[in-house]
Structures are given as C-alpha cells and as structure tokens.
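Got your viewer open? Load the model, spin it around once, and let's take a walk through it.

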Amino acid sequence: MTDASQISDRRAKRNVAFLVAAQAFMGAQMPMIFVIGGLAGGMLAPNPCLATLPISLIVFGSMTTAPWLSPFMQRHGRKAGFFLGAFGGAIGAAIAAYGLHSASFILLLVGSYFTGIYMSAQGFFRFAATDTASDSFKPKAISYVMAGGLVSALFGPQLNKLVQDAFVVPFLGSYVAVVVINLVGMLLFLGLDLPKVKATASALAPKRTRREILSDPRIIVAMICGMVSYALMNLVMTSTPLAVVGCGFSKNNANDIVSAHVIAMFAPSFFTGHLITRFGVTKIIGAGLAILTAAGIVALSGVTLTNFYGALILLGLGWNFGFIGATTLLSGAHRPEERGMVQGINDLVVFGCVTLASLASGGLLNCSGGDVIQGWTAVNIAMVPFLLVAAGSLVWLNRKDMNATAQS
C-alpha cells in the first residue's frame with residue numbers, strides 16, 4: 001500500500017467512525033418505526049388491508065428522495081445531504097405524532113413520507129464510507145458502517161418498549177423519541193471530512209452515456225441483487241409484527257423478534273467485508289440469496305415463536321450478505337464522477353421495489369386467505385420468483401466474467 005493510500009485510509013477510518021456512530025444512534029429510529037408503523041396504521045386505517053401503508057410511504061419517500069438527494073450531495077457535499085435527511089426525519093416523526101394524537105391516518109402517512117427522506121440519507125452512509133477509502137478498504141468500510149446497525153438493533157426496539165405506551169395514545173411516545181434522536185444525532189455529521197468529488201484520471205477517458213452506464217453487466221446485476229435482497233427482507237419484515245400479534249403473541253414479542261432480526265442484519269457486518277475480500281463478491285451475494293431462501297422455508301414450517309425468530313434471523317443474515325455484496329459490486333463498477341447518477345438511480349430502483357414489497361406485504365397478509373396463517377404463507381411464497389431472478393442474474397454475470405477471462 002502506498003503512502004498516499006495509507007493517508008487516505010486514515011482519513012477514511014475517521015469518517016467511518018462517525019458514520020458508524022450515526023448508523024448506531026440515528027439508525028435506531030428505523031426498527032422503532034417499522035415495528036409501530038403497521039400497528040399504528042392498523043389502529044387508524046379505514047381498511048385493514050391498508051395497515052402497512054405507513055411503512056410503504058416511508059419506503060416510497062426514500063425512493064422518490066434518492067434521485068434528487070444523490071446529485072444534491074454531489075454538488076453540495078455529503079454532509080449537507082445528511083443534515084437534510086435528519087431534518088426530514090425529525091419533521092416526519094413530529095407530523096406522525098400529531099397524526100396519532102388527532103387520529104388522522106392521512107397525517108400519519110404524510111409524516112411517514114418525510115421519514116423516508118431520512119431513510120434515503122441513511123442509505124448513502126454506506127457509499128460515503130467509500131469516498132475517501134482505498135480499493136482494498138472499501139468493502140471493509142461499507143461493512144463497518146453497516147455494522148453500526150447492530151447497536152441500533154439493540155437500542156431501537158428496547159427504547160420502543162419504554163416509550164411506546166408513555167402517553168395515553170399508543171405509540172405517540174415512540175414518534176416523540178424519534179424527533180429527539182434526529183435532532184441530537186445530526187451533530188455527529190459535524191465530524192465528517194468528506195470532500196466534494198473531483199475529477200480523476202478516469203475522467204480523461206471517453207465519457208459514458210447514461211445508457212452505456214446502465215447497460216454495464218456489473219451495474220445491472222448489482223441493482224438486481226440489491227433490489228431483491230432489500231425488497232424481500234422488507235416484504236417479510238413489514239408483515240412480521242402483524243403476523244406475530246395476529247398469531248396470539250404480544251407486542252413485546254414482536255419487538256424482540258424484530259430486534260433479533262435487525263441484529264442478524266448488522267452483526268455479520270464485522271466480517272462480511274473480509275469475506276468479500278477473501279472469497280469474492282459474487283459468492284457472498286449468492287450465499288445471501290441462499291440464506292433468504294432458507295428463511296422462507298423456516299417461515300413456511302410453522303407459526304411458533306421459534307419459527308418467527310428463526311425465519312427473521314435468517315432473513316437478516318441473507319439481507320446482510322446480499323445487500324452489502326451488491327453495494328460493493330456497484331461501488332466498483334462506476335467512476336467517481338458517475339456516482340451521483342449511478343447511486344441515485346440504484347436507490348430509486350431498490351427502494352421503488354421495496355415500496356412495492358411493503359405495499360404487497362400488508363395486502364398479502366390481511367387480504368389473501370381466510371386467516372393470518374394463510375396470509376403469512378402467501379407472504380413467504382411470494383419470495384420465490386424474485387429469488388430465481390436474482391440467482392439467474394448472478395449466474396449470467398459469472399459466465400460473462402469466465403468468458404472474458406478465457407478470451408484474454
């Protein structure tokens with residue numbers, strides 16, 4: 001490693017430390033809101049099929065924010081975008097809290113949409129970790145930042161238990177706590193040292209058109225696998241609290257299961273980057289897809305607490321390998337000057353599909369079959385075609401790489 005890359009990685013490690021802290025503290029709001037969103041929606045929605053609509057609006061907010069937030073950060077810097085995201089999260093939680101207080105489903109949805117602005121900004125933490133990192137440190141930087149979610153997985157649901165019934169109106173305390181988390185957490189961004197993008201040697205090469213960039217096989221497969229990993233995780237996780245409570249278990253059981261799930265999402269991040277470096281990114285993505293398949297099998301095997309815990313833990317682990325792998329694959333497939341467009345389009349595609357998944361989740365659970373068990377079965381069977389598409393794209397990329405190697 002050269003002296004220049006050592007300096008770069010020292011800077012990158014400092015940035016990663018602040019991004020890990022932000023992921024740990026501010027990220028706690030996501031498991032909190034994903035637990036209460038469907039339950040609060042179920043209290044206020046005029047139709048039970050719309051119970052998970054608040055969660056869908058969060059993801060829709062993230063999807064529609066990414067295409068303008070990524071170019072905004074390229075022009076004004078990552079910090080400006082992160083501050084904007086935290087402010088959106090605070091405003092969204094405040095509106096949702098007022099919606100609960102006034103029993104307005106519409107205001108709950110509006111607040112959920114603004115929460116999506118924070119969710120979108122948090123999604124770019126993983127890309128920011130690579131901005132000043134050497135090629136060898138990039139997978140580890142992504143992995144470490146994602147590992148910060150382990151703290152949020154422990155902190156968020158446990159905090160939720162303390163505050164969800166703090167007021168007469170159920171879940172109002174949770175949204176108030178989220179406002180505080182955003183306002184306090186944004187101070188962490190002051191420690192970041194993330195420069196705006198400068199032209200590199202690659203900028204001297206012929207400029208690629210949008211069509212050329214989006215026809216790059218590695219970018220295509222990265223988007224497909226990232227989309228499938230995240231969308232299927234969201235499809236199952238969104239309906240889990242409703243399924244757990246619907247099967248006769250308590251809200252605290254739902255909190256604990258989601259907590260175990262989020263721990264499984266982020267705990268492997270301490271070594272996922274090392275595994276990618278050692279075995280290759282496509283093998284780790286493939287392992288993630290296989291584990292997601294196993295999660296569906298466990299979920300379809302029964303509706304005991306053991307099944308819920310087992311399925312959600314596997315779901316989190318599969319998401320970790322699939323999504324971190326896809327992020328690593330994408331970050332190595334575009335030039336620095338292309339990142340605003342590529343990362344923005346990637347998150348538009350990923351969270352667009354996650355939005356559809358969260359919308360489908362409530363409908364499948366509540367409106368397919370005669371009871372919760374049949375609905376839960378439908379949710380998990382719906383994973384199959386998407387897993388096949390992602391696996392097929394990965395095989396296609398591996399064959400193209402082998403052919404290219406053989407020709408060279």
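The tour below starts with the whole chain and then stops at a few residues.

A quick word on ground rules: this is a predicted model, so local features need pLDDT of at least 70 and side-chain atom pairs count only at pLDDT 80 or more, while totals for chains, interfaces and linings use all residues. Residues are numbered from 1 along each chain as its sequence is written, and side-chain values use heavy atoms, with hydrogens and water left out.

**Stop 1: the whole chain.** Switch to cartoon view. You'll find 18 helices and zero strands (DSSP runs numbered from the N terminus: H or I of at least four residues for helices, E of at least two for strands). The C-alpha trace spans about 60 × 45 × 35 Å along its principal axes. Now turn on the surface: 55% of the 408 residues count as buried (buried is under 20% relative accessible area, exposed over 50%, partly exposed in between, using a 1.4 Å probe and protein chains only).

**Stop 2: Ile 58.** Select helix 3, residues 53-76, and find Ile 58 there. Is Ile 58 buried or exposed? It's buried, because its relative accessible area is 1%. Show its contacts (heavy atoms within 4.5 Å). Leaving aside residues up to four places away in sequence, Ile 58 touches Met 30, Ile 33, Ser 112, Thr 115, Gly 116 and Met 119. Try a distance too: the C-alpha atoms of Ile 58 and Tyr 118 are separated by 9.1 Å, though their positions lie 60 residues apart along the chain.

**Stop 3: the aromatic rings.** Colour Phe, Tyr and Trp. The structure holds 15 aromatic pairs (ring centres within 6.5 Å, with the six-membered ring used for Trp; planes under 30 degrees apart are stacked, over 60 edge-to-face, the rest tilted). Zoom in on Tyr 113 and Phe 114, an edge-to-face pair at 6.3 Å centre to centre with 90° between the planes. Tyr 113 is partly exposed at 27% relative accessibility, and Phe 114 is partly exposed at 30%.

Next, select Phe 125 and Phe 189, which also pair edge-to-face, at 5.9 Å centre to centre and 70° between the planes. Phe 125 sits in helix 6 (residues 125-128) and Phe 189 in the loop between helix 9 (172-185) and helix 10 (210-214), so this pair ties together parts 64 residues apart in sequence. Phe 125 is buried at 1% relative accessibility, and Phe 189 is buried with a relative accessible area of 1%.

**Last stop.** Add Phe 82 and Phe 83 to your selection: with Phe 125 and Phe 189, they form one aromatic cluster.
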